[in-house]
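Take a look at the protein shown here. This report covers its pockets, one of its sheets and two of its residues.

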Amino acid sequence: CGTDVHILATPPLYPATPGKIIGHEMVGEVVECGSEVTEFQAGDRVIMDNNIACGTCEICRLGDYNVCPNMKSIGMEIDGTFAQYCVAPDSNLAKINKDVPLERAIFAEPLNVAFGGLKKVKMMPGDNVVIVGGGPIGMYFVKLCKQMGAGKVLVTGRSPSRRKYLEMSGADRIINTREEDLLTAVHEEMPLGAD
């Protein structure tokens, strides 16, 4: 994940706790459960949300766990999934079928990022969309927006190697902001602007 690359950058772009093991996108097998865990048992195959919200602050009580000011992240403040074993709250795990190929199941966490964003913006069929950033998460947004019936989907992307993948994902136009003005490009395609 790009987050792990940013943690290891000098200087770090994301401040992880020094000495903690990184890694937060995973497919794993439950080895052992705490005494109060009832939904999982040893041998279950799981995916994980690495962000552990406190669950008690006002923001959590409003249901906005993703912006909890007390959040801790597995792979940043807590040892992550590059360790041989990882400890996670059962509330942050979801069972998946063992028949789902590993090379598909591993994308659950980044795909969830895109689903979470789309849930917040409440896109409707026919809406015109601008996605800023043509990396892997941006590609998920393009694909999901198209599958949800978006009108035009424009995406910013500077990487020539990612261009073909953005096109394959369904982007109607890829705007390289080093070569053209974003606002001008959006108004060329969407005279009333994006929805």
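## The largest pocket

The largest pocket holds about 1,400 Å³ of space. This comes from a predicted model. The lining of this pocket counts 42 residues. Nearest its centre lie Asp49, Asn51, Glu109, Asn112 and Val113.

Several elements give two or more residues to this lining: α1 (2-8), β2 (45-48), β3 (51-52), β5 (93-95), α4 (108-121) and α5 (136-147). Helix α4 gives the most, with 10 residues. By type, the lining of the largest pocket has 21 nonpolar, 15 polar and 6 charged residues.

## Valine 113, at the largest pocket

Valine 113 is one of the residues nearest the centre of the largest pocket. It sits in helix α4, the element that gives the most to the lining.

Is valine 113 buried or exposed? Neither word fits: its relative accessible area is 40%, so valine 113 is partly exposed. The cut-offs are under 20% for buried and over 50% for exposed.

Valine 113 is in contact with Ile137 and Phe141, leaving aside neighbours within four places in sequence. Proline 11 is 102 residues away from valine 113 along the chain. In space, their C-alpha atoms are separated by 25 Å.

## The second largest pocket

The second largest pocket has a volume of about 530 Å³. Its lining counts 22 residues. Glu29, Val30, Val31, Cys86 and Val87 are the ones nearest its centre.

Which strand gives the most to this lining? Strand β1, residues 27-29, does, with 3 residues. The lining of the second largest pocket divides into 15 nonpolar, 4 polar and 3 charged residues.

## A parallel sheet

Now turn to a sheet. Its 3 strands run in the order β6-β7-β8. The sheet is open, and the pairing is parallel. At the edges stand β6 (129-131) and β8 (173-175). Each has a single partner strand, so one side of each is left without a neighbour in the sheet. On average, neighbouring strands here are turned by 20° against each other, direction ignored.

Strand β7 covers residues 153-156. It pairs with β8 over 3 bridges, in the parallel sense. Valine 155 has isoleucine 174, in β8, as its bridge partner. Helix α7, residues 182-189, lies across β6, β7 and β8. Against β8, helix α7 runs at about 165°.

## Asparagine 176, after the sheet

Where does asparagine 176 lie? It is in the loop between β8 and α7. Its relative accessible area is 13%. Buried means under 20%, so asparagine 176 counts as buried.

Asparagine 176 touches Gly157 and Arg158, not counting residues up to four places away in sequence.

## The whole protein

Step back to the full chain. The protein has 7 helices and 8 strands. Its C-alpha trace spans about 60 × 40 × 40 Å along its principal axes.

How much of the protein is buried? Of its 195 residues, 34% are buried. Asparagine 176 is one buried residue. Contacts also reach along the chain. Take those between residues at least 6 apart in sequence: 54% join residues at least 24 apart.

Technical notes. Residues numbered from 1 in each chain as written. Predicted model: local features only at pLDDT ≥ 70, side-chain atom pairs only at ≥ 80, totals over all residues. Heavy atoms only, no water. 1 Å grid on protein atoms, 1.4 Å probe; cavity = no way out; pocket = protein on both sides within 12 Å on 5 of 7 lines; lining within 4 Å. Points joined across faces, edges and corners; volume = space filled by probe spheres on them. Helix = DSSP H or I, 4+ residues; strand = E, 2+ residues; numbered from the N terminus. Nonpolar A, V, L, I, M, F, W, Y, C, P; charged D, E, K, R; others polar. Pairing = 2+ DSSP bridges. Axes fitted to C-alpha atoms, helices over the stretch in contact; angles between N-to-C directions. Contact = heavy atoms within 4.5 Å. Buried < 20%, exposed > 50% of the residue type's maximum accessible area, 1.4 Å probe, protein only.
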